Amino acid sequence: MKQKGERKSEEKPSAGMNAARTREKNLGLIVLAVIFALIFWDSYWFLSKFLLLFVIVYVVYVGAKSRF
């Protein structure tokens with residue numbers, strides 16, 4: 001019979017492996033995000049101006065639509 005506090009020996013390695021894979025995946029995603037930010041830094045600021053203009057026009061449009 002098994003003791004109350006005993007666990008299967010198979011559970012511990014798989015839990016550790018999942019944690020290691022998750023850590024590796026997160027680290028990989030962070031590295032990709034940093035590389036993307038470095039490459040597209042100037043493009044980001046250029047495109048953010050268009051996004052800001054779009055948001056301003058949309059807010060004016062919604063405001064005008066609700067008044068009339």
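1. The accessible surface of the protein chain comes to about 7,100 Å², and 69% of that area belongs to carbon and sulfur atoms. These values come from a predicted model and should be read with that in mind.

2. In its secondary structure the protein chain has 2 helices and 0 strands. Of the 68 residues in the chain, 0% are buried, a class that requires under 20% relative accessible area.

3. On the surface there is a nonpolar patch formed by L51, F54, V55, Y58, V59, Y61 and V62, and together these residues have about 710 Å² of accessible area. One of the patch members, Y61, lies in helix 2, which covers residues 41-67.

4. A search of the whole structure for aromatic pairs finds 1. The pair is formed by F54 and Y58, whose rings are stacked, with 6.3 Å from centre to centre and 15° between the planes. Both F54 and Y58 lie in helix 2, where they are 4 residues apart, or about one turn of the helix.

5. How exposed are the aromatic members of the patch, F54, Y58 and Y61? F54 has a relative accessibility of 54% and therefore counts as exposed, because the class begins over 50%. Y58, with a relative accessible area of 48%, is partly exposed, and Y61 is also partly exposed, with a relative accessible area of 49%. The two tyrosines, Y58 and Y61, are thus not classed with F54, because partly exposed covers the range between the buried and exposed limits.

Note on methods: Residues numbered from 1 in each chain as written. Predicted model: local features only at pLDDT ≥ 70, side-chain atom pairs only at ≥ 80, totals over all residues. Heavy atoms only, no water. Patch = residues over 30% accessible without salt bridge, like charges linked within 9 Å, V, L, I, M, F, W, Y side chains within 5 Å. Areas by Shrake-Rupley, 256 points an atom, 1.4 Å probe, with all protein chains shown as cover. Salt bridge = Lys/Arg side-chain N within 4 Å of Asp/Glu carboxyl O. Buried < 20%, exposed > 50% of the residue type's maximum accessible area, 1.4 Å probe, protein only. Phe/Tyr/Trp six-rings, centres within 6.5 Å; stacked < 30°, edge-to-face > 60°.
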